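This report introduces a protein chain to a reader who has not met it before. It starts from one residue, turns to the charged pairs, and ends with the chain as a whole.

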Amino acid sequence: MNKLGEKVRLQLAHADLTIRRHPKTFSAIVTAALTFSGVTAFGVAPLSMIDSTPKNVQTVVETVTPSGLDEQAEALAEYEMLLHRTDLTRSTDTADTLLRRLGVSDPEAAQFLRTDPAARTILSGRPGKMLQAVTESTPGGGQLQELVVRGPAADSAQNSTHFTRITVRRDDSGLKATSEQLPMQVETRTGAATISSTLFAAADEARLPDAVTGQIAEMFGSDIDFRRELRKGDRFSVVYETMTADGEPVTWGTSSGRVLAARFINGNDTHAAVWFQEPGTKGAYFSPDGKSKAKAFLASPLAFSRVTSGFAMRFHPIMQTWRAHLGVDYGAPTGTPVRVVGDGVVDFAGVQNGYGNVVIVKHSGDRATVYAHLSRIDVRKGQSVSQSDLIGAVGATGWATGPHLHFEFKVKGAHVDPMQIARAAQATELSAAARARFDSMSRQLQEQLASAERDQATRSASAAVPRRQRME
């Protein structure tokens, strides 16, 4: 017997011995294999009966010619495939780079974008316009068939309500461009998130626009000190408006409209707010019990900011000593608008030693606010100002190591924590005539908030399940 035959005999003998020692295990393996292969009747013959004599194997090759291939190939050749691509305009775009990014290889279209009066506006103005291109599917890029561009309104006064739609379309006579001014649509959306580090980080994870997050911070700014009282595990939900152009959220300016309702669970406390407008008023946020969230003083002189140094002891970066910090510092880029936190009269507007450019506003009840290190001053001494009026811009004048706003609140000349003042301010209530309508609207919005919270809880529970367990 040759070596190959002897090797085969020894392997078969070993397999036979294994089967005799573990007959149940072998039967189970065979049963499982045949079950998965769809076999329902089988038999097991002793391996000693298997004929291991090599057999001659004959290979048969037969040529099969499918029918109708020529007709199918001709039909595919005549079928015109079109590609649809989307993108956004960039500040560095030219007609050629824009079309190349959209998969267009069309010198005529590039020249058209450079010369046609309507088409030329696609590359002018601010970036971020929405592009949708339709091209022929050919190697190396196809010919442009249609390009639709949506961007800001031609009249900046209508930017919050309208948009521009420019359409470049090819017909038998060539390329043509049209420009239209159309109203944006308002859609209502919901979102919810759980705090793991910061408010903005949680909102980013929930894909909420920054403008919505800023409004949430503004709504609850006098209820929650987002610098010191935010905890891991806090939750919030929101119902907000979003602006759309032809059904797509706008990508220029701010795509979000007003926050209609929000709920924030901070530790054991729950805070809620609903937008409501009584006839003849400009509208405001109210808690579910009908009390206005608007207070006599805002919690912050900046609409969007992060606190870099609070009302407490700190190591002075210039004096290099520990001393009381009798105000709040808000880190923000130079030029960020600064607003007055309450109604009053400008008592000082100019330069003052370490404060640099500073504005001091007197309010009722022997109260005053200080706004320091400004890059510019937009008010004058003796001018009356109302809450939220802009009085200047963030800068780094005076004793400042970088651009920020230093803000102080004084009562009878003594420094106090601005957050305490904001919380202590009295809130107005809805009129009895408007309360029924407010209650009905509030119930509907609270249901939407609850739905958003349930959806977020479901997503979190799903994400917590191990991947292997989800696959099983």
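## A buried arginine and the salt bridges of the chain

Arg263 is found in strand β9, which covers residues 256-266, and the model in which this strand appears is a predicted one. Because its relative accessibility is 15%, and buried means under 20%, Arg263 counts as a buried residue. The side chain of Arg263 makes a polar contact, at 2.7 Å, with the side chain of Gln446. Leaving aside residues up to four places away in sequence, Arg263 touches a set of residues that includes Phe220, Arg235, Phe236 and Ser237, together with Thr270, His271 and Ala272. Gln446 is also among the residues touched by Arg263, as are Leu449, Ala450 and Glu453.

Charged side chains also pair with one another, and a search of the whole structure finds 16 salt bridges. Three of the pairs are set out below, each with the distance between nitrogen and oxygen atoms.

| Salt bridge | N to O distance |
|---|---|
| Asp96 and Arg114 | 2.9 Å |
| Arg376 and Asp378 | 3.1 Å |
| Arg435 and Asp439 | 3.0 Å |

The pair of Asp96 and Arg114 links distant parts of the chain, since Asp96 lies in helix α4 (residues 95-101) and Arg114 in helix α5 (residues 107-115), with their positions 18 residues apart. Asp96 has a relative accessible area of 37% and is therefore partly exposed, and Arg114, at 38% relative accessibility, counts as partly exposed too.

Arg435 and Asp439, by contrast, both lie in helix α10 (residues 432-464), where they are four residues apart, or about one turn of the helix. With a relative accessibility of 30%, Arg435 counts as partly exposed, and Asp439 is placed in that class by its value of 24%. In the remaining pair of the table, Arg376 is partly exposed with a relative accessible area of 40%, while Asp378 is partly exposed with 37%.

Salt bridges can also join into a network, and one such network links Arg150, Arg165, Glu180 and Asp246.

Taken as a whole, the chain contains eleven helices and 23 strands, and buried residues make up 37% of its 472 residues. Among the contacts in the chain with a separation of 6 or more, 61% are between residues 24 or more positions apart. The accessible surface of the chain comes to about 28,000 Å², and carbon and sulfur atoms account for 53% of that surface.

Key
Residues numbered from 1 in each chain as written. Predicted model: local features only at pLDDT ≥ 70, side-chain atom pairs only at ≥ 80, totals over all residues. Heavy atoms only, no water. Helix = DSSP H or I, 4+ residues; strand = E, 2+ residues; numbered from the N terminus. Buried < 20%, exposed > 50% of the residue type's maximum accessible area, 1.4 Å probe, protein only. Contact = heavy atoms within 4.5 Å. Areas by Shrake-Rupley, 256 points an atom, 1.4 Å probe, with all protein chains shown as cover. Polar contact = N/O pair within 3.5 Å; in protein donor to acceptor, adjacent residues only side chain to side chain. Salt bridge = Lys/Arg side-chain N within 4 Å of Asp/Glu carboxyl O.
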